[in-house]
Amino acid sequence: MVRACGLLTHQNQPVALKNISVTVSIREFVAGVSATLHYENEEKVALEAFFVFPMDEDSAVYTFEALVDGKKIVAELQDKMTAHTNYEDAISQGYQAYLLEEDKCSRDVFCCNVGNLQPGSKVALTLRYVQELPLEADGALRYVLPAILNPRYHLSGVTEDSCLDMKAPVVPLENLPYTLTMVASISSQHGIDRVQSNCPLSPVEYLEGDKTSAQVSLAEGHKFDRDVELLIYYSAVHSPSVTVEMAMPERKPDSLMGDPAVMVSFYPDIPEADASMICGEFVFLMDRSGSMGTPMNKQDRSQLRIEAAKETLILLLKSLSLGCYFNIYGFGSSFESFFPESVKYTQQTMEEAVERVQLLQADLGGTEILTPLQTIFRGPSIPGHPLQLFVFTDGEVADTFSVIKEVKFNSKKHRCFSFGIGEGASTSLIKSIARVSGGTSEFITGKDRMQYKVLRTLKRSLQSVVEDVSLSWYLPPNLTANMLSPEQTVIFRGPRLIFYAQLTGVVPPEETTGEVGLKYTFQDKNIEQKVTFSLQPKYDSNLTIHRLAAKSLIQTKDMGFRETSARERKDVLNISMESGVMSSFTAFIAINKELNQPVQGPLVHREIPRPILSALPTISFHSSPERRCLSASPRTLKLCGTMAFSKKSQLLDQVVQQSSSNGQKIKCKRNLESIHPMKKTHSSTCENNLQSNCKGNDIVQLIFLQNANGSWHLNEDLAQVLGMNLEDIKAAHPTKHVVDSSVWATVLAVVWLHTNGMDRESEWDLLERKARAWIHTHAGSATHKIVKAANALLKSSVDPAIFTL
């Protein structure tokens, strides 16, 4: 289920939305966005409408205004309770009034009341916000304009109202009455290499000869039927930088907006860890709600979310090291675990877990994540094995603050690595639970492979501890830097670090520079990375850095209406009011007092439909024992019935099904029953479900066959993956009287991966390292001879040096 955003009445009926126009200005790794939504009341009666839209958790909303019949009304930020009272008073007196606020239950959903919209009136609602752009592994900056707002599941016992409870009708895309236009301007001193999108774009227009500025727009006629994603590639992105922004002239010094603000970015160069030597307790918490049974993206025959998740779990299990501990939980309306408590990683426990992963389905109802989290945190700690929690969910939880608070309360005993699956996943939930626990977050949308992003995160979790993280400032006399960002206690290899600070005191002449250094201790070595910067503040009318700093402060203190302490609430309110950045305790309100016509009778409502997305399966709204149905009440989303999936073909559906490059069915003649001898499948299942070339399937099969210690057995199953006769493989063993056949099999497997699977190296390199470590121990000086023989047998040319540890 997905829902496009729209303007709705209190009776849950949308109003005619004509167009959404968005202007994006991206400078380096910060985006400034102005979004205008054009509505028109074509009825003969007045309306009160309710506008609901998603927004990234990190967005700092600082302006809201309405253009009504040519008149601009700029909203004022007020205490939320005061704003509500003023809004009701204005409406009762016949004034037009506009109220913008965060949803009560989540920071990534905003609500806007449009009161007393007169017949024939046109209204353009504009909001402006700024946000940091995350850096992807391939160096792309990622900007997402959210469009999809999923229904969200309320936690048990929670009855607080949320605008997320509303429903909207659906229509085919060709009948959607509103469109989206978007223009993005991009500038970077490093030069712009290219811009990509999940939506059709106009050709990139470079505005300067050195490609430091460019403009791109969505192709004409785009429908607002999906999140719009831009991937911006600069010629260089990993350079540390410092930007100083001028204070607001009218504000007094020694205040949040009255002193220059500084934004510092670093890219720590931390060596990769030896995965085979790392210990830990790894708990994988997997969403098994009904919505996980939908496709990963809108492409035909896209892999289902739950199937991608199962394949990812198997990769994770194969990548763990002997001696660590693990467990797997599934959650929905209820939850269940593979083991009563975490177990030691052995061949037996790994095999048992893999077998159970194959049977997982999206059959546990809603998205009740709080209870399993509490159970995990109550479990006993294992000495020498710090808890690493991996959370996989499509994020359809209404009351995110209760979940975030629970994770934050237990942050001293674990790190949480979170993954938002599919469009519409709650950025508030996914980002916040990682941030408050010192972990990282990832979003898996479009054609992203879940396996790649999850295995990259596993590598981060295996990283040795980085200690004593601090910033050191080297400034002229009479000038000091006061940190605005929360203390950074955990840093990882890869992600960019961003800090905010204020400069207080006397700013020196323009030529003066300062230095800032990132200090930390890694493997008993003291490391410092410095960057020099100009101390002369730059003018920015939008006060981008000040507002991003304010948002950073608000995020550390604001846990929503029910979960924030009185002291923190006061701090959040003060920061929000001073900076103009919205919080849970403030709201924007605008009143048009030129309209003074009493409202006559009840306000009428009309609907704006959302699109039917063809890639999503039809969900029945009729109860039956054979089919799962969706019951969307105002308070909860419940899933009932039973899934009509065949457990006999689970592994094929989950591990082998991929999209082929040409979109045509490919018949794999290999006996796929060898993937697991206990799981029999019909040949028709292979022909109907297999959408990938056999080589890609072979990679998955090969991984499936690996033992917990990193080795492979020499048997028929391995021979089938290699595409050879088992007797021929045995005959080619160069040291059969010196080393065990498993050494020969393991070398063959590693050589085969390097020959046939390099396009997915990031997904198997951890388990391959485990294999190489095992070979080093068991083959010794014979390794070079065995690798040479493997190359000859497989007609490969893999460098034997890769087997050197």
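Contact here means heavy atoms within 4.5 Å.

**Figure 1. The whole chain, before we zoom in.** Welcome to this structure, which is a predicted model. Among contacts in the chain between residues at least 6 apart in sequence, 76% link residues at least 24 apart. The chain has 805 residues, and 59% of them count as buried. Its secondary structure comprises 18 helices and 35 strands. The accessible surface comes to about 32,700 Å², with 50% belonging to carbon and sulfur atoms.

**Figure 2. Helices H2 and H7 crossing.** Two packed helices are described by the angle between their axes and the distance between the axes. Here, the axes of H2 (residues 305-319) and H7 (residues 450-461) come within 9 Å and cross at roughly 35°. The crossing is right-handed. To find the meeting place, look on H2 for Arg305, Ala308, Ala309, Glu311, Thr312, Leu315, Leu316 and Ser319, and on H7 for Met450, Gln451, Val454, Leu455 and Leu458. Sorted by class, this contact holds eight nonpolar, three polar and two charged residues.

**Figure 3. The buried side of helix H3.** In helix H3 (residues 347-357), the buried residues are Thr349, Met350, Ala353, Val354 and Val357. They lie on the same side of H3, because they cover an arc of only 130° around the axis. An α-helix has 3.6 residues a turn, so residues three or four places apart point the same way.

**Figure 4. Phe326 and its surroundings.** Phe326 belongs to strand E21 (residues 325-331). Is this residue buried or exposed? Phe326 counts as buried, since its relative accessibility is 0%. Beyond its neighbours within four places in sequence, Phe326 touches a list of residues that includes Phe282, Leu317, Leu320, Phe339 and Tyr345. Thr349, Met350 and Ala353 are also among the contacts of Phe326, and these three appear in the buried set of H3 as well. Although Phe326 and Met350 are 24 residues apart along the chain, their C-alpha atoms are separated by 9.2 Å.

**Figure 5. Helix H4 and what covers it.** Find helix H4 (residues 370-378), where Leu370, Pro372, Leu373, Ile376 and Phe377 are buried. These residues share the same side of H4, because their arc around the axis is only 165°. Which elements help cover them? The cover includes strands E20 (281-287), E21, E22 (335-337), E24 (387-393) and E25 (414-421), along with helix H5 (400-409).

**Figure 6. Two loop residues with positive phi.** Asn478 sits in the loop between strand E27 (466-474) and strand E28 (479-483). Its phi is near 70°, a positive value in a residue other than glycine. Leu543 is in another view, in the loop between strand E31 (525-534) and helix H8 (544-557). Phi of Leu543 is also positive, near 50°. As for their surroundings, Asn478 is exposed, with a relative accessible area of 63%, whereas Leu543 is buried at 8%.

**Figure 7. His546 in helix H8.** Stay with helix H8 to meet His546. With 2% relative accessibility, this residue counts as buried, as the cut-off for buried is under 20% relative accessible area. What does His546 contact, leaving aside its neighbours within four places in sequence? Its partners are Glu245, Met246, Ala247, Leu256, Met257, Asp259, Pro260 and Ala261.

Notes: Residues are numbered from 1 along each chain as its sequence is written. This is a predicted model: local features need pLDDT of at least 70, side-chain atom pairs count only at pLDDT 80 or more; totals for chains, interfaces and linings use all residues. Side-chain values use heavy atoms; hydrogens and water are left out. Axes are lines fitted to C-alpha atoms, for helices over the stretch in contact, and angles run from 0 to 180 degrees between N-to-C directions. Helices (H or I, at least four residues) and strands (E, at least two) are DSSP runs, numbered from the N terminus. A crossing is left-handed if the near helix is turned anticlockwise from the far one by less than a right angle, and right-handed if clockwise. Ala, Val, Leu, Ile, Met, Phe, Trp, Tyr, Cys and Pro count as nonpolar, Asp, Glu, Lys and Arg as charged, and the others, Gly among them, as polar. Buried means under 20% relative accessible area, exposed over 50%, partly exposed in between (1.4 Å probe, protein chains only). The arc is that of the directions from the helix axis to the C-beta atoms. Accessible areas come from the Shrake-Rupley method with a 1.4 Å probe; for residues, only the protein chains shown count as cover.
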